[in-house]
Amino acid sequence: MGLESRLGDNILTTVADKFINWGRKNSLWPLTFGTACCGIELMSSIASRYDISRFGAEVIRFSPRQADLLVVAGRIVIKMGPVLKKIYDQMLEPKWVMALGACATSGGVFDTYGVIQGIDQFIPVDVYVPGCPPRPEDILNGLLKLQKKIERDTVLPQER
Amino acid sequence: MDYPEGNQALAKLRATFPDSIIEVKEFRRDITVTIKKEALLSIMQFLRDDEELRFNYLASISGVDYLKIEGVENRFAVVYHLYSFKNNCRLAIKTFVTEGSLDIDSVYPLWKTADWQEREIYDLFGIIFKGHPALKRVFLPEDYEGHPLRKDYSLEGRGERSRFDYEEG
């Protein structure tokens, strides 16, 4: 983008920040990487009762190339680690990651040889949702927290 | 006793393989026959093909680790659960495998379903099934070292879960 290099940090670029962030946070396209019961709760929060589309994140994509929010819902075993990493790598910027539930966050109760003790050891996580599994309200709360975070992003690079 | 089919199988087995049967146990009408490892294939073939018995269905194969269990000499055991559709009865065949010689005959030639079950036992216990067409890991990654269901393998593993040398891209 060439706009900010000419204009610098002034009213136009801050308005652009606000505008673009507003667009991004209200239309997150999640890729649901559901490997356990958290995936079921995630489905529940997408369905009509909890209705994730109230927050603009109802377009579920199973292709990493079309998604900007990776929701890791469930335990990730050592064999699945490289798969998850590959999916994350294939997503286009800007992208965010939600670690859903105790297992994705820390391994949960599965303190065993096969389960990775937290996905943040190999991919960056933006928001952690606690619970085993978290209720749909928790998932939506996590989404709102992530929206708050996106709001604070600076879209245009500060320095080149 | 009201479980004649099982006993009939046992009687036939005793008559045909008198030297290969080590022990017979009964628990709530379920019969477990411990046999010598060398006789496994011939006994299994007999049980499957005998006109009266027809144990034609291999329900499951399990591996057992008897580490530090008192009164058990050999470390590992492989247990075969057979079912006869003809007589509606079950029979368990048990063989012991020592830590020194971990190999046992594969029953894949008799029941094709043994394929993945034997691979699973090989994967988690390290028991070698001779005559298996492709004895490689099923659950764990191909480059995994060790057999984690063994009792001397620590639950937390040996650092496999915190190795993140993934390929880029």
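**Exercise 1. The enclosed space**

Task: Find how many cavities of 30 Å³ or more the whole structure holds, and describe the lining of the largest cavity.

Solution, step by step:
- A search of the whole structure, which is a predicted model, turns up one cavity of 30 Å³ or more.
- The volume of the largest cavity is about 60 Å³.
- Next, read off the residues around the largest cavity: they include Pro30(A), Thr32(A), Leu42(A), Ile46(A), Ile52(A) and Ala57(A). Also in this lining are Ile60(A), Leu69(A), Val71(A), Met98(A), Ile139(A) and Leu143(A).
- Now place the lining on the fold of chain A. Two or more residues come from each of β1 (30–34), α3 (37–46), β2 (69–73) and α6.
- Finally, sort the lining by class: 11 residues are nonpolar, one is polar and none is charged.

**Exercise 2. The two largest pockets**

Task: Work out how the linings of the largest pocket and the second largest pocket divide into nonpolar, polar and charged residues.

Solution, step by step:
- Start with volume. The largest pocket has about 430 Å³, and the second largest pocket holds about 270 Å³ of space.
- Thirteen is the number to keep in mind for the largest pocket, since its lining has 13 residues. Nearest its centre lie Pro141(B), Asp143(B), Glu160(B), Arg163(B) and Asp165(B).
- Count the classes for the largest pocket: five nonpolar, no polar and eight charged residues.
- Turn to the second largest pocket, with a lining that includes Ile22(B), Glu23(B), Lys25(B), Thr32(B), Thr34(B) and Tyr66(B). Gly71(B), Val72(B), Glu73(B), Asn74(B), Lys94(B) and Phe96(B) belong to this lining too.
- Strands β1 (21–27), β2 (30–35) and β5 (89–97) of chain B each give at least two residues to the lining of the second largest pocket. β1(B) makes the largest contribution, with three residues.
- By class, the lining of the second largest pocket has four nonpolar, four polar and four charged residues.

**Exercise 3. Where the chains meet**

Task: Describe the contact between chain B and chain A, from its residues to its salt bridge.

Solution, step by step:
- List the participants: chain B brings 18 residues to the contact and chain A brings 15 residues.
- Choose a way to express size. The accessible area lost when the parts come together is often used for an interface. Here, chain B and chain A bury about 1,500 Å² between them, with 62% of it on carbon and sulfur atoms.
- Look for charge pairing. One salt bridge is counted between chain B and chain A: Asp111(A) pairs with Arg161(B), and their closest N and O atoms are 2.7 Å apart.
- Add the polar contacts, which number five residue pairs between chain B and chain A, both residues at pLDDT 80 or more.
- The side of chain B that touches chain A then divides into 11 nonpolar, three polar and four charged residues.

**Exercise 4. A long-range pair in chain A**

Task: Which parts of chain A does the pair of Lys149(A) and Asp126(A) link?

Solution, step by step:
- Begin with the overall count: the search finds 15 salt bridges over all chains.
- One pair to inspect is Lys149(A) with Asp126(A), a salt bridge in which the closest N and O atoms are 3.1 Å apart.
- Locate both ends. Lys149(A) is in helix α6 (residues 136–151), while Asp126(A) is in the loop between α5 (101–106) and β4 (127–129). The two residues are 23 residues apart, and the pair links distant parts of the chain.

**Exercise 5. Backbone details in the loops**

Task: Where in chain A do Pro94(A), Pro133(A) and Asp51(A) lie, and what does the backbone do there?

Solution, step by step:
- Take Pro94(A), found in the loop between α4 (81–90) and β3 (96–100) of chain A. The peptide bond from Glu93(A) to Pro94(A) is cis, with omega near -5°.
- Pro133(A) sits in the loop between β4 and α6 of chain A. The bond from Cys132(A) to Pro133(A) is cis, and its omega is near -10°.
- Finish with Asp51(A), in the loop between α3 and β2 of chain A. Although Asp51(A) is not a glycine, its phi is positive, at about 55°.

**Exercise 6. The layout of chain B**

Task: How many helices and strands does chain B have, and in what order do they run?

Solution, step by step:
- Count the elements: chain B has three helices and seven strands.
- Follow the chain from the N terminus, and the order is α-β-β-α-β-β-β-β-α-β.
- For overall dimensions, the C-alpha atoms of chain B fill a box of roughly 60 × 35 × 25 Å along the principal axes.

Methods: Residues numbered from 1 in each chain as written. Chains lettered and ligands numbered in written order. Predicted model: local features only at pLDDT ≥ 70, side-chain atom pairs only at ≥ 80, totals over all residues. Heavy atoms only, no water. Contact = heavy atoms within 4.5 Å. Buried area = accessible area lost by both parts, 1.4 Å probe. Salt bridge = Lys/Arg side-chain N within 4 Å of Asp/Glu carboxyl O. Polar contact = N/O pair within 3.5 Å; in protein donor to acceptor, adjacent residues only side chain to side chain. Nonpolar A, V, L, I, M, F, W, Y, C, P; charged D, E, K, R; others polar. 1 Å grid on protein atoms, 1.4 Å probe; cavity = no way out; pocket = protein on both sides within 12 Å on 5 of 7 lines; lining within 4 Å. Points joined across faces, edges and corners; volume = space filled by probe spheres on them. Helix = DSSP H or I, 4+ residues; strand = E, 2+ residues; numbered from the N terminus.
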